Amino acid sequence: MLCCVIGNINIVNKVKAEGMKLVVIDPRRTELAGFADIHLQVRPGQDPTLLAGMIRIVLEEGLQDHEFCERWMSQMDELAASVEPFTLDVVAERCQLDPDDVLAATRMFAAGPRGTAGTGTGPNMAAHSSLTEHLTVVLNTILGRVNREGDRIENGMLLYPEMPHRAQAVAPRRPAGGPHARIRDLRGYRGEMPAATLAEEILTPGEGRIRALIVSGGNPVVAFPDHELTMEAMQDLDLLVVVDYRMTATAEFADYVIAPTLPLERADVPHLMDRWFREPYTNYTEAVVERDGDVLNEWEVFWELASRLGSELPLPGGSPDMTVRPSTDEIIDRSYHGSRMPLDEVRVQLRQTHPDQRLEVQPAEAGATARFTVAPDDFVAELAVVLSEGSDGFAGTDVSAYPFRLVSRRLKHVLNSTGTELPALARKGTTNPAYMHPDDVAAYDLAAGDIIEISSPKATLLGVVEPAADVKPGVISMAHSWGGTSLTDEKVREIGSPTSRHVATDV
């Protein structure tokens with residue numbers, strides 16, 4: 001999804017009334033698309049093609065921020081050369097879009113003068129997702145859609161350390177600095193390893209093989225790529241510990257399942273809201289109810305393990321005493337040590353906004369020389385691969401036996417695999433329907449509630465048909481992270497099916 005603004009529907013409705021223009025790129029006519037000035041109902045998997053074409057239009061028509069590009073950008077010639085093959089005709093044909101709409105959307109977005117493009121669930125789960133992210137950032141950057149000196153940032157990051165936000169480029173950090181995976185010469189980023197390598201890291205013999213795994217609040221069996229391979233890996237582990245309030249598909253393989261406290265049973269601060277609110281915001285809640293049963297805070301699980309191993313917890317405020325169990329408030333204080341607003345102040349300023357705490361973008365440092373690198377070699381090479389793949393997205397492979405494209409989506413009453421265990425939410429639906437355009441439903445002589453097989457060269461899963469006029473013809477739209485441990489989906493009506501079964505980890 002590419003938008004001029006990212007936010008919930010109420011925010012979009014408000015800013016639309018203030019004159020904002022909105023472009024939405026999505027194979028579905030989502031709720032957000034209903035507010036769009038232009039909705040580009042793109043062919044799934046062609047996001048890089050469309051973005052490259054939009055960048056080409058910007059450069060060809062000279063719509064970029066010339067002064068900004070001159071000062072802060074490098075590789076502009078290389079960028080122009082890499083997107084040159086993505087002509088308007090090529091983009092329109094491959095994306096199944098009206099060329100006039102593509103041109104109008106690009107010009108509208110470039111006219112700004114403010115705004116932003118952003119991605120989310122969908123493009124991030126498709127092929128060439130990193131390239132899609134990069135091209136989105138490039139589109140923003142060549143148009144100068146960055147914070148400028150004197151701009152005030154909406155969220156306050158009050159739980160983060162004080163740090164200057166300067167109107168300058170930051171030198172690129174190469175992925176070579178990340179830790180090595182043992183699989184396909186892949187690397188981690190910022191200390192985190194690629195989830196797509198986990199199953200193979202467990203199953204592949206040799207030094208460094210993963211033999212024990214702790215899963216805290218996640219559900220890899222239905223969420224990670226390659227459903228079957230992930231289950232094989234979970235079974236192969238010497239030790240699997242799951243910390244979760246429910247018996248998930250992953251917990252079914254666990255040696256130990258530890259029940260954590262629920263949100264109302266513990267003190268906490270709204271970490272994510274510190275970045276997502278439109279104004280600096282603070283809140284803190286004490287535990288509202290007593291713990292129910294033999295449960296632990298999630299941090300207590302790791303404190304107990306570290307204590308028994310003679311280790312420490314490397315928190316920003318230093319490790320607590322590992323011989324005496326600390327309080328939750330001490331863990332919170334140590335976790336947010338050095339925050340812009342001290343936790344003592346946060347605890348007394350409940351549910352408050354702080355407009356005076358908005359961060360202001362500072363001028364560039366004297367002599368700043370770093371530039372944005374818009375066309376690194378690996379991305380240019382990948383964009384050439386995209387071009388070679390054609391409109392089907394598969395170079396040299398006959399996919400005529402697979403006329404549909406499967407895309408991910410959200411459902412309002414659940415979040416990924418969480419929520420279906422609650423009776424009130426289960427009444428809203430117990431499966432992840434296979435949403436299809438009514439014309440496709442009729443063409444295959446189907447009806448709502450029918451069970452269909454959804455096959456790919458990788459696997460087959462079952463889905464429950466649900467006609468939906470907002471889905472592009474030739475597309476099946478299903479929520480991810482459903483299903484269980486069966487490979488034949490006998491309970492598809494009761495628990496859905498895992499779309500990750502179609503996702504290979506080795507391509």
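Contact here means that heavy atoms lie within 4.5 Å of each other. In this predicted model, among the contacts between residues at least 6 apart in sequence, 68% join residues that are at least 24 apart.

**The chain as a whole**

The secondary structure of the chain comes to 18 helices and 14 strands, and the C-alpha trace spans about 65 × 65 × 50 Å along its principal axes. The radius of gyration is 25 Å, which agrees with the value near 23 Å that a compact globule of 507 residues would have. Of the 507 residues, 43% count as buried, while the chain exposes about 26,100 Å², of which carbon and sulfur atoms supply 52%.

**Empty space in the model**

Rolling a probe the size of a water molecule over the atoms shows where empty space is left. The structure holds seven cavities of 30 Å³ or more. The lining of the second largest cavity includes Leu79, Leu131, His134, Val374, Pro376 and Phe379, and the elements that give two or more residues to this lining are helix 4 (76-83), helix 7 (129-142) and helix 15 (377-389).

The second largest pocket is lined by 25 residues, and those nearest its centre are Ala249, Thr420, Gly483, Gly484 and Ile495. Helix 18, which covers residues 492-495, gives the most to the lining of this pocket, with three residues.

The table sets out the volume and the lining classes for these two spaces.

| Space | Volume | Nonpolar lining residues | Polar lining residues | Charged lining residues |
|---|---|---|---|---|
| Second largest pocket | about 480 Å³ | six residues | twelve residues | seven residues |
| Second largest cavity | about 60 Å³ | nine residues | two residues | no residues |

The lining of the second largest cavity thus has no charged residues, whereas that of the second largest pocket has seven.

**Asp236**

Asp236 is found in helix 10, which covers residues 227-236. With a relative accessible area of 27%, Asp236 counts as partly exposed, because that class lies between the buried limit of under 20% and the exposed limit of over 50%. Leaving aside its neighbours within four places in sequence, Asp236 is in contact with Ile202, Leu203, Arg209 and Arg211. The C-alpha atoms of Asp236 and Ala80, residues that stand 156 apart along the chain, are separated by 49 Å.

Terms used:
Residues numbered from 1 in each chain as written. Predicted model: local features only at pLDDT ≥ 70, side-chain atom pairs only at ≥ 80, totals over all residues. Heavy atoms only, no water. 1 Å grid on protein atoms, 1.4 Å probe; cavity = no way out; pocket = protein on both sides within 12 Å on 5 of 7 lines; lining within 4 Å. Points joined across faces, edges and corners; volume = space filled by probe spheres on them. Helix = DSSP H or I, 4+ residues; strand = E, 2+ residues; numbered from the N terminus. Nonpolar A, V, L, I, M, F, W, Y, C, P; charged D, E, K, R; others polar. Rg over C-alpha atoms; globule rule 2.2 N^0.38 Å. Buried < 20%, exposed > 50% of the residue type's maximum accessible area, 1.4 Å probe, protein only. Areas by Shrake-Rupley, 256 points an atom, 1.4 Å probe, with all protein chains shown as cover.
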